[in-house]
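Here is a short tour of one protein chain, going from a helix to the core, the sheet and two loops. Have the structure open as you read.

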Amino acid sequence: MNPIEDIPCDLTEKLTLGQFLKIANLIESGAEAKMVIADGEVTVNGDTDTRRGRGLAAGDVVDLGGHSARVVNKHEVQSRTTKNGEHQ
């Protein structure tokens with residue numbers, strides 16, 4: 001099993017499953033996202049989801065073809081980095 005990659009995302013607006021697949025580099029285009037989602041190849045938190053417009057939240061794990069990515073709020077990542085004294 002491959003490790004789950006944390007993907008920092010702007011969650012101030014709705015993040016859809018189709019958008020996240022592209023952000024996480026699990027697919028290359030919106031057309032490809034539409035196809036793999038409709039074909040039932042994508043799971044969210046272990047459940048198959050065929051809704052491209054499904055909203056995602058921090059902590060959701062998306063899997064496609066054995067590659068997994070977790071939605072992480074980029075503002076929380078920046079906040080933790082600043083508190084630890086590290087620079088991005």
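Contact here means heavy atoms within 4.5 Å. Please keep in mind that this is a predicted model.

Let us begin with helix 2, which spans residues 30-38 and has Ala33, Val36 and Ile37 buried. Viewed down the axis of helix 2, these buried residues fall within an arc of 100°, so they line one face of the helix. The general background is simple: an α-helix has 3.6 residues a turn, so residues three or four places apart point the same way. On the other side of helix 2, the exposed residues are Ala31, Lys34, Met35 and Ala38.

What do the buried residues of helix 2 pack against? Their partners are helix 1 (17-23), strand 3 (42-44) and strand 6 (61-64). After helix 2 comes Gly40, with a positive phi near 75°.

Next, the core. The largest nonpolar core has 19 residues, and Leu17, Phe20, Leu21, Val42, Leu56 and Val62 have the most contacts inside it. At least two residues of this core come from each of strand 1 (4-9), helix 1, helix 2, strand 3, strand 6 and strand 7 (67-73). Phe20 makes a good place to zoom in. Leaving aside residues up to four places away in sequence, Phe20 touches Ile7, Cys9, Leu15, Leu56, Val62, Ala69, Arg70 and Val71.

Now to the sheet. Five strands form an open sheet in the order 1-7-6-3-4, and the pairing is mixed. Strand 1 and strand 4 (47-48) are the edge strands, each pairing on one side only. Strand 1 and strand 7 run parallel and are joined by six bridges. To find your way along this pair, look at Glu5, whose bridge partner in strand 7 is Ala69. Ala69 is also among the residues that Phe20 touches.

Finally, two loops deserve a look. Most residues other than glycine have a negative phi, yet Asn25 has a positive phi although it is not a glycine, and the phi of Asn45, likewise a residue other than glycine, is positive. The table sets out both.

| Residue | Phi | Loop | Relative accessible area |
|---|---|---|---|
| Asn25 | about 60° | between helix 1 and helix 2 | 66% |
| Asn45 | near 55° | between strand 3 and strand 4 | 41% |

Why does Asn25 count as exposed? Its relative accessibility is 66%, and exposed means over 50%. Asn45, at 41%, is partly exposed.

Notes: Residues are numbered from 1 along each chain as its sequence is written. This is a predicted model: local features need pLDDT of at least 70, side-chain atom pairs count only at pLDDT 80 or more; totals for chains, interfaces and linings use all residues. Side-chain values use heavy atoms; hydrogens and water are left out. Buried means under 20% relative accessible area, exposed over 50%, partly exposed in between (1.4 Å probe, protein chains only). Helices (H or I, at least four residues) and strands (E, at least two) are DSSP runs, numbered from the N terminus. The arc is that of the directions from the helix axis to the C-beta atoms. A nonpolar core is a set of buried Ala, Val, Leu, Ile, Met, Phe, Trp, Tyr and Cys residues joined through side-chain atoms within 4.5 Å. Two strands pair if DSSP finds at least two bridges between them.
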